[in-house]
Amino acid sequence: MNTTSVNAALAQIVGAAHVSAQRARFDAPEAPLACPASVGEVSELLKLAARDSLRVVPIGLGSKLGWCGAAERVDFLLSTRRLVGAVSHEPADGTLAVRAGESMAELNERVSRGGHRLTPDVARPASCTIGGVVAAGQSGIDRLRFGPVRHHVLGVEAVLGDGTITRSGGRLVKNVTGFDLHRLYTGSHGTLCVLTEIALRLFPAPEREAWITLSPRDLAHGLELARAARALPLRAVSITLASLATPAGDAPWSLHARLFGKRAAVEAELAALCASWRGAQVQEDVAARASADALRDATSFSESSQASLALACEPAQLSKLLSDVLALLGEATWPRHVAVQPLEARIDLGLPPHVAPALLRDFARRARAVATRHGGSAHVRNAPLEALNGLDPFADELPGLELMRELRSQLDPRGVFARGRFAGGL
Amino acid sequence: MTPGVDAALLAQLRAVTGEAGLISDPTRLLSYECDGLALLQQRPACVVLPRTTDECARAVALLHRAGVPIVGRGAGTGLSGGATPVEGGAIVGLARMREILALDVENRTARVQAGLVNVDLSFAAEQHGLFYAPDPSSQHACTIGGNIGENSGGPHCFKYGSTNRHVLGLTIVRHDGSVLDLSRVQLDPLGYDLLGLFVGSEGMFGIATEIVVQLMPIQPVVETVLAIFKDLDGACDSVSDVIAAGHEPVALEILDRLTIEAVEASIFAAGYPKDAEAVLLIECEGSEAEVASSLDEILAVVRRRGAIDVRRARNAHERKKLWAGRKGAFGAMGRIAPDLYVADVVVPRTKLRELVLGTTRIAHERGLKLSNVFHAGDGNLHPNISYDRRNPDEVRRVLEAGDEIMELVVKAGGSLTGEHGVGLEKQAAMTQVFDEPSLRTMCAVRDAWDPQRRMNPGKLIPVHACREMRGALRPKA
């Protein structure tokens, strides 16, 4: 089918007003985009694809398409952005089931009206959907306190490549009925199904917030202070060590912690942390939230013009990994755009724009080799396709790849979901 | 002896595991005829007890080549028939794989063999200020491997989450004896989340032999309180209110009068007041300020809901005693009747009172004795029916009540199981929760792991006609 006939077939299902065009990646050609308004339309679109051997990339608002590699072939994109609204919201039970296309910003508003807070707390919430966040397995800056997003997905409705509408899990905070297929779908980047509805666990909205900032003498001091916080009786939402270069050059390291919860608890935690982080500056409530959001957005390095590396290892290896990666940055003479979550052993590295693809590829390879040596991983995000030539953005080796291929072929035997984008060419 | 398991195969298995690692003597096999769901019994053809991943892999490969179905088994404490043997099949048991292979204090992880008894891990971690959070009531007997199979919970999972939140790595022996090494700890899955998918797969995807788990720091302050009620409704409503108000205690557990009586008459006697209709066990932990403020607010709620007394554990000994009563409750039920049917359903936490009443009504209408001890904070009910399995009519009524309880709960937006798994017990009821396409999808995923469907066959998914499956739950004449 050529593009014109694909567009016509899509329009028959969702209406011409809801067919447009979008890039399947920031540097890929445009493909037809269909925006269904119901799970039934999602199913019809996928049945069409299965019947006519079309290849589909499911998307939300498309903010994380650069996290994946290039698809072998894309005939159309299927966006869930018109699937919005709550299916059920039980504030007294602390649970919510929502359609997958709701933006994270809208969702945050919705749950806050019920006295709750949503995790994950992701950057630029208006530009991504809950479906996209779950499909990408995107955890938030609040991961230290709440854990990864996969822990909070209670169940899903998902449409398979042949249009079959299925469910996994439920809407309860505890449930072991059936296989946890929602765990399989979370982080599968739209290679197994289209998520159309997601049930989530909610958390109580904080009574009080605090944002604590300190300028450590150097990186080692910053890490030492973060480690000291680990031993304190507190449950920080995030602890971030950042150095964000300006046009004038590299910036010094700054250390930030976010606390929130019940009033008395936050006050006690704040006192304990300030006693350890002498000279720290404290912001509270509205100001605290604004500062936290600003750092979250600045350190996500998620603009599509900027490639980034998400590195992780076990906590005991962090110092060594960080030191090796910074040495690589120094060798490359690239400015330092680094955010470290020391207690989770995560490092996000913003790479400079307009770098030759070969240099970017070489840097990513060397950084991954270092991460692997320290038992960790390195995910290359938003690098141009030229830079990914021969480089899997997710990992060089995947334990269980053969089984993953088998899972994929069981769930999508006709290969409706475009191949080659995810780890291991999945 | 069935055709699959013959003398030659037994000799080959013996060569792998040694004499002590193979059981084929019919008398000794009696101990493996059932798990905690004693209603269902089937003698296995043999029991293999490997000591290492390598032994397990070699044994499974032999069984695979001979076409013998395999049922994995931890300690056999499961309550849904997940480890019930299949006819002509082998049990691969973890009883000789009990080592803690590494305890990494800095990274707060432990690598253990799958047969390690749950509580032994917390005992070992305690000296480093750490503990393993999932704590099923059977934790003094059940294994970490069994917990992986069922995605087990426990009272403290209200705050810390069930087993799947705590598993960081696995070594899995697959259906054909190949070893899938997912033991390297990663912050996020590389590729699909095979770990998350495996945990709770009830032994149908393979056998976990080595497990890396996350350990949690022991909190500086722990407060355990017993709130005493003149009626069960007040205890249930307290929990609904505590959840709705956004409090985050570590555990919220309810025991009703019949349970209290059984516990107090047993070796687990905890000092629960015998004249109470219900007690609510509340635990908070964290910093001193956090615990103090949380507990004050929670106690205000329970008093508003009619608690007539509140007793605070004054020291670790008293706390331990209060918990021993709760965790020993199932054992104590032996004082009421020789057998216990432990149901395990989950309800929305806004409907606790209504559904506890409903389950009680269902049992009483059939002249059955029902007691309640449950993880109220998670909405995870355990309506327990005491019965005598030698009385066929009583068994029939118990099964009927179990079915109706599940139906009631599902209709109210609840679920079939919160921590015990589906196994054989709830297999037929799966169609109440999942439609045919969803069940077919589960089958497809299972086929990716085990194309011949020989790992724990006939469990969880109602592949055959539901009528046939109900037949499986009838006790043998």
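This report describes chain B of a predicted model, from its overall form to one hairpin, together with the nonpolar cores.

**Overall form of chain B**

Chain B contains 17 helices and 20 strands. Its radius of gyration is 22 Å, close to the 23 Å that the globule rule gives for 477 residues, so chain B is as compact as a globular protein of that length. Along the principal axes, the C-alpha trace of chain B extends over about 70 × 55 × 45 Å. Of the 477 residues in chain B, 58% are buried. Contacts that bridge long stretches of sequence are frequent: among those in chain B between residues at least 6 apart, 73% join residues at least 24 apart.

**Domains**

Chain B is divided into four domains, with the bounds listed below.

| Domain of chain B | Residues |
|---|---|
| Domain 1 | 7-93 |
| Domain 2 | 100-217 |
| Domain 3 | 219-336 |
| Domain 4 | 430-472 |

Taken over C-alpha atoms, the centres of domain 2 and domain 3 of chain B are separated by 28 Å. Where these two domains of chain B meet, six residues of domain 2 are in contact with nine residues of domain 3. The side contributed by domain 2 of chain B consists of three nonpolar, two polar and one charged residues.

**Nonpolar cores**

In soluble globular proteins, nonpolar side chains tend to be buried together. In this model, the largest nonpolar core has 224 residues, and within that core Val279(B) and Leu280(B) touch the most other members. Beyond its neighbours within four places in sequence, Leu280(B) is in contact with Ala227(B), Phe229(B), Ala235(B), Ser238(B), Val239(B), Leu252(B), Ile254(B) and Val302(B). A second core, separate from the largest one, comprises 58 residues, including Trp253(A), Val340(A), Ala345(A) and Ala367(A).

**A hairpin in chain B**

Strand 8 of chain B, residues 167-173, pairs with strand 9 of chain B in the antiparallel sense, and four bridges link the two. Strand 9 of chain B covers residues 179-182. Five residues lie between the strands of this hairpin, and Gly177(B) adopts a positive phi near 90° there.

The two faces of strand 9 of chain B can be told apart by their surroundings: Leu180(B) and Leu182(B) form the covered face, whereas Val179(B) and Asp181(B) form the uncovered one. Asp181(B), on that uncovered face, stands opposite Thr171(B).

Notes: Residues numbered from 1 in each chain as written. Chains lettered and ligands numbered in written order. Predicted model: local features only at pLDDT ≥ 70, side-chain atom pairs only at ≥ 80, totals over all residues. Core = buried A, V, L, I, M, F, W, Y, C linked by C-beta atoms within 7 Å. Buried ≥ 20, exposed ≤ 12 C-beta atoms within 10 Å, placed from the backbone. Contact = placed C-beta atoms within 7 Å. Rg over C-alpha atoms; globule rule 2.2 N^0.38 Å. Domains from an automatic or database assignment. Nonpolar A, V, L, I, M, F, W, Y, C, P; charged D, E, K, R; others polar. Pairing = 2+ DSSP bridges.
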